[in-house]
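Please examine the sequence and the model shown here. The report that follows treats the meeting of two domains and then a sheet.

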Amino acid sequence: MIDLRSDTVTQPTPAMRRAMYEAEVGDDVYGEDPTVNRLEALAAAMLGKEAALLVTSGTQGNLAAVLTHCGRGDEVIVGHLAHMYLYEQGGMAALAGVQPRVVPNQANGTLALDEVEAAIRPENIHFPRTRLIAIENTHNRRYGAPLSLDYLRGLRALADRHGLPIHMDGARLFNAAVALGVPARDLAAQADTVMVCLSKGLSAPIGSLLLGPADFIAEARRARKVLGGGMRQAGVIAAAGIVALTQMVDRLADDHARARRLAEALAALPGLRVDLARVHTNMVYVDLEPPRGAEQVAAALAQRGVRVHAVGPQSLRLVTHYGIEDEDIAAAIDAFAAVLRAG
Ligand code: TLP
């Protein structure tokens with residue numbers, strides 16, 4: 001199977017499996033796992049933040065961030081296509097008692113600065129209090145678009161004018177950094193807190209990190225615990241995370257090049273549309289022309305050994321990642337051509 005559904009399907013590398021086997025471990029709830037401590041220190045140094053916290057997943061990291069930034073009844077400004085809004089079971093409302101204030105994501109994944117500003121609540125006894133601006137980089141449902149440093153600086157200035165923190169869902173922050181050709185720490189510097197995933201393009205089997213000021217991370221550690229994320233000998237996970245951060249970042253450029261090649265070949269096929277201007281990182285979104293539907297095409301592709309993700313009635317998402325080689329891209333293109341030929 002050539003699995004292009006997501007970069008979450010990546011398998012740990014041989015170096016990760018070795019590191020996991022050999023990991024020195026302790027009880028991380030007591031702060032005594034040396035490998036977890038090493039990973040957290042490494043991540044904080046790489047991303048220019050005071051402290052980091054290993055969490056079980058991106059979802060847990062984002063929710064721990066919201067729980068730490070906000071109190072019940074507070075409001076978070078968030079994009080209408082944000083993962084935090086669309087795909088996390090409304091956790092910010094259900095578990096943190098926080099209300100999302102939804103602003104449209106533009107085609108490039110950004111939130112228009114004037115719309116963010118207009119969404120900030122003035123002080124009034126009737127209103128919830130705006131406590132946080134949440135952004136996503138790269139933006140999953142906006143075709144994996146990276147948010148540029150210029151945009152982030154503008155948002156930072158706006159947030160500072162209003163005394164508001166920014167949380168960045170950087171599940172794929174390293175993809176953004178590689179695509180933009182800027183250090184990830186420069187992107188992270190524009191947000192107060194950042195969540196990055198180890199288990200997507202970086203191929204670790206489990207884990208994400210929440211990063212920010214030391215006092216914030218100390219509080220987030222409490223939030224992680226109440227969410228059931230206090231892990232014990234988590235060094236076996238952290239060991240793979242260290243390999244992810246030290247060995248797997250630069251190769252993301254290969255995933256991006258393969259996504260572009262895939263997109264260019266698919267764009268030439270009849271019966272579908274691919275907007276090449278939207279392909280920046282490791283994602284390719286394909287719009288099928290009716291009467292073909294996404295579920296039907298995904299099923300036909302699966303029969304030919306290619307798995308893709310149906311994200312809408314006419315829309316497919318294909319993600320390149322570690323384990324997808326040039327010949328897999330060629331085979332996926334052939335499978336698409338065959339499925340479209342077959343009608
Ligand atoms: N995204 C997954 C699915 O949940 C859709 C995927 O296949 O893309 N932020 C962003 C931007 C994400 O894309 C994801 C996962 C998460 C957070 C949540 O991470 P996990 O799956 O570790 O909870």
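Between domain 1 and domain 2 the count of salt bridges is zero, a salt bridge being a side-chain nitrogen of Lys or Arg within 4 Å of a carboxyl oxygen of Asp or Glu. The model is predicted: local features need pLDDT of at least 70 and side-chain atom pairs pLDDT 80 or more, while totals for chains, interfaces and linings use all residues. Residues are numbered from 1 along each chain as its sequence is written, and side-chain values use heavy atoms, leaving out hydrogens and water.

The domain bounds come from an automatic or database domain assignment. Contact here means heavy atoms within 4.5 Å.

| Domain | Residues | Residues in the contact |
|---|---|---|
| domain 1 | 7–247 | 21 residues |
| domain 2 | 251–342 | 16 residues |

The C-alpha centres of the two domains lie 28 Å apart. About 1,600 Å² is buried between domain 1 and domain 2, with 61% given by carbon and sulfur atoms; buried area is the accessible area (1.4 Å probe) that two parts lose on being put together, summed over both. Asp7, Tyr143 and Asn175 supply 35% of the area that domain 1 buries against domain 2, more than any other three residues.

Seven strands form an open sheet of mixed pairing, in the order β2-β8-β7-β6-β5-β3-β4. Strands (E, at least two residues) are DSSP runs numbered from the N terminus, and two strands pair if DSSP finds at least two bridges between them. Because β2 (51–55) and β4 (99–103) each have a single partner strand, one side of each is left without a neighbour in the sheet. Five bridges join β2 to the antiparallel strand β8 (residues 208–212), where alanine 52 stands opposite leucine 211.

Notes. Helices (H or I, at least four residues) and strands (E, at least two) are DSSP runs, numbered from the N terminus.
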